[in-house]
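Work through the exercises below with the model open beside you. Each task is followed by a solution that goes step by step.

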There are 2 protein chains.
Amino acid sequence: MTISELGEFGLIEVIAAIAAGLPRGDRTIVGIGDDAAVLAAPDTRVVATTDLLIEGRHFRRDWSGPADIGAKAAAQNLADVAAMGADPVALLVGFAAPGDVAVAWARDLMAGLAGECARAGATVVGGDTSGADLVVLAITALGDLGGRDPVTRSGARPGDVLAYAGVLGESAAGLALLEAGLAEPAALITAHRRPAPRYAAGPEAAALGATAMIDVSDGLLADAGHLARASGVQIDIDTARLPGHPGLAAAAATLGREGRGGVLDWMLTGGEDHALAATFPPGRALPSYWTVIGQVRAGQGVLVDGNQMTGRAGWKHFGD
Amino acid sequence: MTISELGEFGLIEVIAAIAAGLPRGDRTIVGIGDDAAVLAAPDTRVVATTDLLIEGRHFRRDWSGPADIGAKAAAQNLADVAAMGADPVALLVGFAAPGDVAVAWARDLMAGLAGECARAGATVVGGDTSGADLVVLAITALGDLGGRDPVTRSGARPGDVLAYAGVLGESAAGLALLEAGLAEPAALITAHRRPAPRYAAGPEAAALGATAMIDVSDGLLADAGHLARASGVQIDIDTARLPGHPGLAAAAATLGREGRGGVLDWMLTGGEDHALAATFPPGRALPSYWTVIGQVRAGQGVLVDGNQMTGRAGWKHFGD
């Protein structure tokens, strides 16, 4: 059965049924099925972020299955909430698709999305559906600060250290493998298709006194650049502190990219892993899943090993 | 200059500059430019709704200018918030467009969107931009209940009356005129291009004791049907109580639609005017901008003048 045969209201019911299978949680006062959702916000503040994902630009139906596409769409928004130091609470899902898309495909997409929500402790509380000539996902994530101050991009101070939690470069390596028609190493393909951000690291970083934080979605250099610009500081990344990654090295060897375009480029400029990058005051004891990789100084911009950075500064969506 | 020449970060800056021109309000704790926005929610609840608008399905660039498209996109989401009995507070805007779209066009769209926000007392607090082969807008609206209970679709009780505030049928008539290649009456064309919901009627209805409420976006019959189904009641619409509308009558005459497909169809099945339809306990004194047009009874479904309804039950997006 296709979406066209099911109709809009039928599709809404499919989505509602998936959402109903999630733990509703005590935060949802009014869920799917009304003009709007109503969520509890006991903190008296709400964190909100939105992302638009377009077939052919942000995902490909021939490269990723629906559950992976849904999970990844959820992940990138939930990670934005975590990057403010908040716990993800709820997702609103706009979903447009051609009428000939199978209902099972849409159901699997929603299930992947809902599953990633559950991993983050959030639930799907609302959405919208439409026809379109290609698949479009518009995801809004809402989060709760639990009494903590939000961690913005603008609080980094000279003397702070830069650290990250999560993985760097795996998604970019997986994409390079897919572009080369390869399906191995499977772990990197999976990292591209379904990143698994460490959401809890965000609120934990806030509690640990992080001065600034960002979700690495445009690549470490670009996102460190956003931190540096917003904070009015310079960030120097020490590549010797980036951990070795045999999987990335093997992928680079397979692709003949031992130098430029290989491991270091993936780790410095690859997006979509949704690691969290944060600055902390000097000397702060950090849990082992945070890796210190740089230094905040007076000045501006991002340096790599003390030098002006070269290479791609991040992704350019328009006109590529 | 085109969007492609400006680039994504440049476009974000254009959007941020427009948002910065709006009254920021004391609700915005963190606005555009971080991983997520942070809004005050002193009520300890937040109302949230999202809509996806696709070029060629929900608007046409050759029929509507960018300011109208932006205003309409904002209106339909802000009206959903009002229909819960809440005051609209903030909008998140996902915007995708082909690279050859002029920056001025995007700027006008955002200005239209921001202007409608201002009319509703809301502000733009965040968003996302992307390239796409056609224009896509994903709008999320957030609202504040101000201590009132949310007015859902499920509270209508036998004995209640059905009333509406705003206009019915004007957008559908404007669309019919545009489809026929006509540009007059201009007021109806404008009603289609830029509906002007009466947002304050939503919170006021909540304060007046409305038992159920909905934003009329699929057409009065379809949306009354949503109320009836969610509330487990029957709603009987008395067409004799629908106010006369010389403008609609003139448009119907111009189009040769004195009967089927004309005024009554537009008022009963036309969507996109974003009137509010609400049920109130019997005998409740209502301000003059609410027009009582029906009766809630035990039973199910929607009747028109006591008869099973005929004609379109609403819009069907998929596969049309």
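Three exercises follow, on a helix pair, a single helix and the relation of the chains.

This is a predicted model, in which local features need pLDDT of at least 70, side-chain atom pairs count only at pLDDT 80 or more, and totals for chains, interfaces and linings use all residues. Residues are numbered from 1 along each chain as its sequence is written, chains are lettered from A in the order in which they are written, and side-chain values use heavy atoms, without hydrogens and water.

**Exercise 1.** Determine how the axes of α5(B) and α6(B) cross.

Solution. The axes of α5 (residues 170–179) and α6 (residues 186–193) of chain B come within 7 Å and cross at roughly 110°. The two helices are therefore roughly perpendicular, a term for angles of 65 to 115 degrees. Among the residues making the contact (heavy atoms within 4.5 Å) are Leu177(B) of α5(B) and Ile189(B) of α6(B). The contact residues divide into seven nonpolar, three polar and two charged.

**Exercise 2.** Check the span of α3(A) against its number of residues.

Solution. At 1.5 Å a residue, the 17 residues of α3(A), 66–82, should span 24 Å, and the end C-alpha atoms are 24 Å apart, which agrees. As to covering, 16 of the 17 residues of α3(A) are buried, meaning under 20% relative accessible area with a 1.4 Å probe.

**Exercise 3.** Identify the relation between chain A and chain B from their superposition.

Solution. A turn of 180° with a shift of 0.0 Å along the axis lays chain A on chain B with an RMSD of 0.0 Å. That is the relation of a two-fold axis. Of the residues of chain A, Thr44(A) comes closest to the rotation axis, its C-alpha lying at 2.4 Å.

Notes:
Axes are lines fitted to C-alpha atoms, for helices over the stretch in contact, and angles run from 0 to 180 degrees between N-to-C directions. Helices (H or I, at least four residues) and strands (E, at least two) are DSSP runs, numbered from the N terminus. Angles under 35 degrees count as roughly parallel, over 145 as roughly antiparallel, 65 to 115 as roughly perpendicular and the rest as oblique. Ala, Val, Leu, Ile, Met, Phe, Trp, Tyr, Cys and Pro count as nonpolar, Asp, Glu, Lys and Arg as charged, and the others, Gly among them, as polar. The expected span of a helix is 1.5 Å times one less than its number of residues. Buried means under 20% relative accessible area, exposed over 50%, partly exposed in between (1.4 Å probe, protein chains only). Copies are superposed by least squares on the C-alpha atoms of residues with pLDDT of at least 70 in both.
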